[in-house]
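Hi,

Here is the structure I said I would pass on. Have a look at it first, and then read my notes underneath.

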Amino acid sequence: MIRTIADDSGRQWDITVGRESYGMQMLLFFPKDGGGVRKAMMTSIPRLDADRELAELDEATLRERLAQSVPWESPTPFGG
């Protein structure tokens with residue numbers, strides 16, 4: 001599943017679910033105009049639940065998660 005949102009400045013982002021170390025699920029934010037990928041931890045652990053969580057999040061919450069996200073290269077508490 002891929003969702004698309006615009007951030008507060010109008011930049012378009014595609015969002016999907018990815019897996020982090022130890023099976024933790026991540027929201028992955030890909031800017032449509034290129035540039036750095038960002039990530040944010042999810043509360044769901046099984047992939048099916050993570051896909052459902054992404055489908056159910058409203059756009060305001062996705063924008064909040066984008067604002068709280070870190071660059072892909074940044075370490076997270078569970079590795080990678």
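Below is what I found, going from the sheet to the helices, the core and the charged side chains.

A word on the ground rules before you dig in. This is a predicted model, so local features need pLDDT of at least 70 and side-chain atom pairs count only at pLDDT 80 or more, while totals for chains, interfaces and linings use all residues. Residues are numbered from 1 along each chain as its sequence is written, and side-chain values use heavy atoms, with hydrogens and water left out.

**The sheet**

Start with the strands, which like the helices are DSSP runs numbered from the N terminus (at least two residues for a strand, E; at least four for a helix, H or I). Five of them make an open sheet in the order E1-E2-E3-E4-E5, and the pairing is antiparallel. Pairing here means that DSSP finds at least two bridges between two strands. At the edges sit strand E1 (3-6) and strand E5 (70-71), each of which pairs on one side only.

Moving inward, strand E2 (residues 12-19) and strand E3 (residues 25-31) run antiparallel and are joined by 7 bridges. In that pair, Ile 15 faces Phe 29 of E3. E3 is also joined to E4 by 4 bridges, again antiparallel, with Leu 27 opposite Ala 40 in E4. These two strands form a hairpin with 6 residues between them, and Gly 34 in the turn has a positive phi of about 90°. E4 then pairs with E5 in the antiparallel sense over 2 bridges, where Lys 39 stands opposite Val 70.

**The helices and the core**

Helix H1 (residues 47-56) packs on the sheet and touches E1, E2 and E3, its direction making about 160° with that of E2. H2 lies across E1, E2, E3, strand E4 (38-41) and E5, running at about 75° to E1. For those angles, axes are lines fitted to C-alpha atoms (for helices over the stretch in contact), and values run from 0 to 180 degrees between N-to-C directions. Contact means heavy atoms within 4.5 Å.

What fills the inside? The largest nonpolar core has 13 residues, and Ile 5, Ile 15, Leu 27, Phe 29, Leu 54 and Leu 62 have the most contacts inside it. E2, E3, H1 and H2 are the elements that give two or more residues to this core, and E2 gives the most, with 3 residues. (A nonpolar core is a set of buried Ala, Val, Leu, Ile, Met, Phe, Trp, Tyr and Cys residues joined through side-chain atoms within 4.5 Å; buried is under 20% relative accessible area, exposed is over 50%, and partly exposed is in between, with a 1.4 Å probe and protein chains only.) Leu 54 is a good one to click on: leaving aside neighbours within four places in sequence, its contacts include Ile 15, Val 17, Leu 27 and Leu 62.

**The charged side chains**

The salt bridge count comes to 5, where a salt bridge is a side-chain nitrogen of Lys or Arg within 4 Å of a carboxyl oxygen of Asp or Glu. Here are three of the pairs.

- Asp 33 and Arg 11 have their closest N and O atoms 3.0 Å apart. Asp 33 is in the loop between E3 and E4 and Arg 11 in the loop between E1 and E2, so the pair ties together parts that are 22 residues apart in sequence. Asp 33 counts as exposed, at 58% relative accessibility, and Arg 11 as partly exposed, at 29%.
- Arg 52 and Asp 49 also come to 3.0 Å. Both lie in helix H1, 3 residues apart, about one turn of the helix.
- Glu 59 and Arg 63 meet at 3.6 Å, N to O. They are 4 residues apart in helix H2, which is about one helical turn.

And which residue is the odd one? Arg 65, in helix H2 (residues 59-68), is buried yet has no salt bridge, and the nearest side chain of opposite charge, Glu 53, is 4.1 Å away. (Lys and Arg count as positive and Asp and Glu as negative; His and the chain ends are not counted.) Not counting residues up to four places away in sequence, Arg 65 touches Leu 27, Phe 29, Ala 40, Met 41, Met 42 and Glu 53.

Cheers
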